[in-house]
Amino acid sequence: YMACSMESSGINAEYGDSDGQRTTNYMFSVGSGSTYAYGVMDTGYRYEMSVEEACALGKKAIMHAGHRDAMSGGVVNLYHMREEGWVKVSQTDISQMYYQSLEEKK
C-alpha cells in the first residue's frame, strides 16, 4: 500500500509491502512497472519542485511504467495531497499520453 498523512512535521508518505515492512520517504513507486517509473523520477526529481512540475513528473513516470509493463494499468489517476486533504488532479489514458509525447518529440 501507499498512504499519505498530514502530521505536525508536514505531509508524510508511507509504503508498506506484502511482508509487513513499512517505509517512510518522499517518493515511492510500487508494482511491476515501478523500475520504469523510478528511472523517470530519479532523472527528473528536484527537491524544490513546484506542484505543477511534480504532477508532470508523476504523470510521466506512471505513463512510462504503464506503457512498458504489460501488467500495469491503462490510466494515470493523479492526486495531490494537501493540508486540507487530497485533490484529484487528473485521469489520463496512458496510450494517448504516450503517443502524444512521441508527436511532441518530432
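1. Serine 90 in strand β5. In this predicted model, S90 is found in strand β5, and its relative accessible area of 17% makes S90 buried, because the cut-off for burial is under 20%. Leaving aside residues up to four places away in sequence, S90 touches K59, V76, N77 and L78. A useful distance to keep in mind when looking at the fold is the one to Y36, which is 54 residues from S90 in sequence and lies 21 Å from S90 in space, C-alpha to C-alpha.

2. Glycine 16 in strand β2. G16 belongs to strand β2, which covers residues 10-16, and with a relative accessible area of 4% G16 is buried. When residues up to four places away in sequence are not counted, the contacts of G16 are with Y1, Q21 and R22. Between the C-alpha atoms of G16 and D69 there are 22 Å, the two residues being 53 residues apart along the chain.

3. Helix α2 and what covers it. Helix α2 is made of 18 residues, and from its first C-alpha to its last it reaches 26 Å, which is close to the 26 Å expected at 1.5 Å a residue. The buried residues in α2 are C55, L57, G58, A61, M63, H64, A65 and G66. Which elements cover these buried residues of α2? The cover includes α1, β4 (75-82), β5 (85-93) and α3 (94-105).

4. Glutamate 52, in the same helix. E52 also has its place in helix α2, but E52 counts as exposed, because its relative accessibility of 60% is over the 50% cut-off. Along the chain E52 and T92 are 40 residues apart, and their C-alpha atoms are separated by 16 Å.

5. Cysteines and the matter of disulfides. A disulfide is a covalent bond between the sulfur atoms of two cysteines. A search of the whole structure for such bonds finds 0 disulfides. C4, accordingly, is in no disulfide, and the nearest cysteine sulfur to C4, that of C55, is 12 Å away. Why does C55 not form a bond with C4? The sulfur of C55 is too far from that of C4, because the two are 12 Å apart, whereas a disulfide calls for sulfur atoms within 2.5 Å. As for their surroundings, C4 is partly exposed, with a relative accessible area of 46%, while C55 counts as buried at 14% relative accessibility.

6. Salt bridges. How many salt bridges does the structure hold? There are 2 salt bridges in the structure. One of them joins E53 to R46, and the closest N and O atoms of this pair are 2.9 Å apart. Both partners are partly exposed, E53 with a relative accessible area of 33% and R46 with a relative accessible area of 42%. A salt bridge is also formed by K106 with E103, where the closest N and O atoms are 3.1 Å apart. K106 counts as exposed, because its relative accessibility of 78% is over the 50% cut-off.

7. A nonpolar patch on the surface. Y26, Y45 and Y47 make a nonpolar surface patch of about 410 Å². Among these tyrosines, Y45 has its place in the loop between α1 (34-44) and α2 (51-68). Is Y45 buried, partly exposed or exposed? Y45 counts as partly exposed, because its relative accessibility of 30% falls between the limit for buried, under 20%, and the limit for exposed, over 50%.

How values were computed. Residues numbered from 1 in each chain as written. Predicted model: local features only at pLDDT ≥ 70, side-chain atom pairs only at ≥ 80, totals over all residues. Heavy atoms only, no water. Patch = residues over 30% accessible without salt bridge, like charges linked within 9 Å, V, L, I, M, F, W, Y side chains within 5 Å. Areas by Shrake-Rupley, 256 points an atom, 1.4 Å probe, with all protein chains shown as cover. Salt bridge = Lys/Arg side-chain N within 4 Å of Asp/Glu carboxyl O. Helix = DSSP H or I, 4+ residues; strand = E, 2+ residues; numbered from the N terminus. Buried < 20%, exposed > 50% of the residue type's maximum accessible area, 1.4 Å probe, protein only. Expected span 1.5 Å × (residues − 1). Contact = heavy atoms within 4.5 Å.
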